[in-house]
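Thanks, everyone, for making the time this morning. I would like to walk you through one model, and please stop me if anything is unclear.

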Amino acid sequence: MRDGDRPVGQLPVTQLPIAQLKAELFKAIAHPVRVRVLEVLVGGERPVGELAETLGIEMSHLSQQLGILRRGGVLVTRRSGNTIYYSLRDPRMSQLLAVARQMLVTTLEDSQQLLANLQAEDIDAELATPGPAGPASTSR
């Protein structure tokens with residue numbers, strides 16, 4: 001099948017594996033604890049105990065989240081004695097996190113501007129609307 005023969009909206013067959021891999025990467029990091037782990041590890045390798053303390057979560061929950069990140073190819077480990085150290089597989093993860101933050105800031109700024117516009121419209125509408133009719137004035 002040629003690319004031109006595919007139904008509208010479908011990716012070419014040659015693009016499916018890359019798109020699937022990207023989706024898997026985003027699924028691996030798609031949890032608040034996992035994002036926080038990555039943010040901490042941007043600063044460098046950390047032992048698992050220090051990660052648990054820094055993040056303020058129980059070791060069992062952290063281990064579960066670290067396993068997902070490791071299986072997703074996002075983290076690597078090394079052992080030294082009884083201590084397991086975690087680090088980012090690719091230091092460019094810091095760029096991905098920074099871009100995500102910038103996108104969120106832009107979205108929040110846009111929302112803030114929209115809110116300000118709506119509030120200004122409400123004020124304008126209130127000023128344009130006559131107030132409730134007071135008691136009828138009597139002419140003498």
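I will begin with the overall layout, then turn to one strand residue, the salt bridges and a charged surface patch.

Please keep in mind throughout that what you see is a predicted model. The protein chain contains 5 helices and 3 strands, and if you follow the sequence from its start, these elements come in the order α-α-β-α-α-β-β-α. Of the 140 residues in the protein chain, 19% are buried, while the area that the chain exposes comes to about 10700 Å², with carbon and sulfur atoms supplying 56% of that area. As for how the chain meets itself, when we take the contacts between residues at least 6 apart in sequence, 52% of them join residues at least 24 apart.

Let me now go to strand 3, which covers residues 83-88 and includes S87. Is S87 buried or exposed? Its relative accessible area is 18%, and because the limit for calling a residue buried is under 20%, S87 counts as buried. If we set aside the neighbours within four places in sequence, the residues in contact with S87 are L41, E45, V74, L75 and V76.

One of those contacts, E45, brings me to the salt bridges, of which the structure holds 5. In general, side chains of opposite charge can pair when their charged atoms come close. E45 pairs with R78, at 2.8 Å from N to O. E45 sits in the loop between helix 2 (32-41) and strand 1 (46-47), whereas R78 belongs to strand 2 (residues 75-80), so this salt bridge ties together parts that are 33 residues apart in sequence. Both partners are partly exposed, E45 at 35% relative accessibility and R78 at 40%.

A second pair, K27 and E24, has its closest N and O atoms 3.3 Å apart, and here both residues lie in helix 1 (residues 16-29), 3 residues apart, or about one turn of the helix. K27 counts as exposed, at 51% relative accessibility, but E24, with a relative accessible area of 35%, is partly exposed.

There is also a salt bridge between R46 and E50, with 2.8 Å between the closest N and O atoms, and E50 is partly exposed at 35% relative accessibility.

Finally, which residues form the negative surface patch? They are E121, D122, D124 and E126, and of these I would point out D124, which is found in helix 5, spanning residues 93-128.

Notes:
Residues are numbered from 1 along each chain as its sequence is written. This is a predicted model: local features need pLDDT of at least 70, side-chain atom pairs count only at pLDDT 80 or more; totals for chains, interfaces and linings use all residues. Side-chain values use heavy atoms; hydrogens and water are left out. Patches are made of residues with over 30% relative accessible area and no salt bridge: like charges are joined within 9 Å, nonpolar side chains (Val, Leu, Ile, Met, Phe, Trp, Tyr) within 5 Å. Accessible areas come from the Shrake-Rupley method with a 1.4 Å probe; for residues, only the protein chains shown count as cover. A salt bridge is a side-chain nitrogen of Lys or Arg within 4 Å of a carboxyl oxygen of Asp or Glu. Lys and Arg count as positive and Asp and Glu as negative; His and the chain ends are not counted. The place of a charge is taken as NZ of Lys, CZ of Arg, CG of Asp or CD of Glu. Helices (H or I, at least four residues) and strands (E, at least two) are DSSP runs, numbered from the N terminus. Buried means under 20% relative accessible area, exposed over 50%, partly exposed in between (1.4 Å probe, protein chains only). Contact means heavy atoms within 4.5 Å.
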